[in-house]
Amino acid sequence: MKKAFYHCDIFTLDHEKIIKDGMIITEDEKIAYIGKMEEERLQDCEETYNWSGKWVMPGLVNSHVHIVMNILRGVGDDMLLHPWLTEKIWPLEAKFTTDLAITSSKAAIVEMIKSGTTLFNDMFNPIGLDVFKLYEAVKDTGMKGNLAYTLFSNDKGDEAIAKEAYDMAQYIKKDRSLIRTTVAPHSPYSCSEELLRSSVSIAKDLDLPLHIHVSETEKEMNDCLSEHKATPVQYLADLGFYEQPTIFAHGVVLTDEDVALLNEKGTSIAHNPISNLKLGSGVADISSLNRAGVNVAIATDSVASNNNLDMFEEMRTAALLQKGTHKTPEAMPAYSMLKMATLNGSKALGYEDTGVLKEGYKADFISIDPRDKVHLQPLENASSHLLYAASGKDVSDSVINGNVVMENRVLLTLDEERIIYDLNYYYKTL
Ligand SMILES: [Zn+2]
């Protein structure tokens with residue numbers, strides 16, 4: 001089916017030029033035409049959307065999130081990472097039911113779509129959940145992303161955990177829906193050596209990326225050095241990581257040797273600036289990682305440590321932190337940051353056909369209507385406003401894989417009112 005989105009200003013992020021009064025024609029899930037408005041092209045389109053005055057850009061990529069945790073927003077504020085996990089988050093997650101997890105995940109997807117994300121990279125705690133039922137619910141939302149069973153050593157035993165993770169990953173991979181998966185051991189400190197090795201072999205066997213929290217805090221670095229005589233990045237190298245595409249969430253505390261290894265192996269860093277600030281973990285030096293050639297993507301982490309999934313807020317924070325910590329505004333130009341939150345994220349997640357708007361690529365894009373928004377004036381400076389002035393609440397429309405999933409802020413694939421009601425009902429059961 002052909003659809004036309006027209007009379008809009010398009011930021012392709014394939015180049016810095018803006019297409020003024022442009023149009024995008026999609027054919028099924030792909031972009032068939034992108035360029036100047038040509039009236040006659042409307043004739044063979046079955047659906048047409050007059051987006052007069054709107055700005056259009058690629059959908060944002062949230063490269064590290066925990067969608068099942070959306071029900072834990074506001075739990076355990078102002079605590080350090082390790083007590084926050086062991087005293088607050090993990091005991092509450094142990095009480096999750098599958099229906100609660102589905103509602104929480106849908107709430108995260110509502111929040112992501114409404115704030116401009118079109119592709120996400122999740123890892124969820126599977127304890128007590130029917131993971132297949134959760135996947136079936138997530139795949140029906142119209143959202144695109146990776147949903148992954150988090151492996152971490154517990155009473156169930158490493159062998160049983162690895163088998164469950166394998167079965168789920170194999171099932172998702174065979175299903176070929178808009179939801180894909182990764183192999184996601186939680187972290188070097190919460191998985192046994194055996195479980196980390198099993199994760200690598202599952203990833204190799206099913207040809208999937210690995211996704212893991214790494215080098216988030218000084219404590220993690222110091223503990224790893226004393227226990228394994230290696231930094232977390234080097235320890236994982238010894239266990240066979242990097243032989244598959246690998247995404248590291250965080251990378252706050254890294255040595256020069258770590259950075260060289262990440263670059264050599266093509267490992268991506270998912271940078272979560274607000275979560276790192278809120279948990280007092282520090283600031284990842286992404287401008288140096290970027291300069292060294294490491295693929296850096298942007299992420300929110302969960303709402304329990306953020307406390308929202310607004311990638312516009314995340315981009316702006318990430319850019320400002322680099323300028324402040326390097327004491328120069330040149331440390332992170334706006335265009336580089338927009339690329340990190342779109343194309344770099346797509347690359348990190350293994351999606352080679354999204355992240356920029358060009359013909360042949362997937363039709364994953366969002367719009368903002370600036371005309372009635374005083375904080376997005378003057379209109380002429382739009383490319384600056386997208387990074388330094390806009391917020392997720394400004395997003396008007398969202399198209400994922402050629403499907404319109406939000407039109408003028410109304411969701412077309414999810415019942416937002418019902419999800420909000422259910423989320424509050426389930427929260428009281430915890
Ligand atoms: Zn995380």
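**Where Two Domains Meet**

Good morning. I begin with one pair of residues: K144 and D364 form a salt bridge, and their closest N and O atoms are 2.8 Å apart. Please keep in mind that this is a predicted model.

To place that pair, consider how the chain is divided. The domain assignment gives two domains: domain 1 covers 2-59 + 356-411, and domain 2 covers 60-349. Between their centres, taken over C-alpha atoms, lies a distance of 29 Å. Domain 1 contributes 29 residues to the contact, and domain 2 contributes 27 residues.

How much area do domain 1 and domain 2 bury between them? The value is about 2400 Å², with 67% of it on carbon and sulfur atoms. On the side of domain 1, three residues deserve attention: L13, L387 and Y388 supply 27% of the area that this domain buries against domain 2, more than any other three residues.

I turn now to the polar side of the interface. Between domain 1 and domain 2 the count is one salt bridge. In addition, nine residue pairs are found in polar contact across the interface, both residues of each pair being at pLDDT 80 or more.

Which elements give two or more residues to the side of domain 1 that touches domain 2? They are strand 5 (55-58), strand 16 (365-368), helix 13 (382-388), strand 17 (395-400) and strand 18 (403-407). Sorted by class, this side of domain 1 has 17 nonpolar, seven polar and five charged residues.

Thank you for your attention.

Technical notes: Residues are numbered from 1 along each chain as its sequence is written. This is a predicted model: local features need pLDDT of at least 70, side-chain atom pairs count only at pLDDT 80 or more; totals for chains, interfaces and linings use all residues. Side-chain values use heavy atoms; hydrogens and water are left out. Domain bounds come from an automatic or database domain assignment. Contact means heavy atoms within 4.5 Å. Buried area is the accessible area (1.4 Å probe) that two parts lose on being put together, summed over both. A salt bridge is a side-chain nitrogen of Lys or Arg within 4 Å of a carboxyl oxygen of Asp or Glu. A polar contact is a pair of N or O atoms within 3.5 Å; within protein, one must be able to donate a hydrogen and the other to accept it, and residues adjacent in sequence count only if both atoms are side-chain atoms. Helices (H or I, at least four residues) and strands (E, at least two) are DSSP runs, numbered from the N terminus. Ala, Val, Leu, Ile, Met, Phe, Trp, Tyr, Cys and Pro count as nonpolar, Asp, Glu, Lys and Arg as charged, and the others, Gly among them, as polar.
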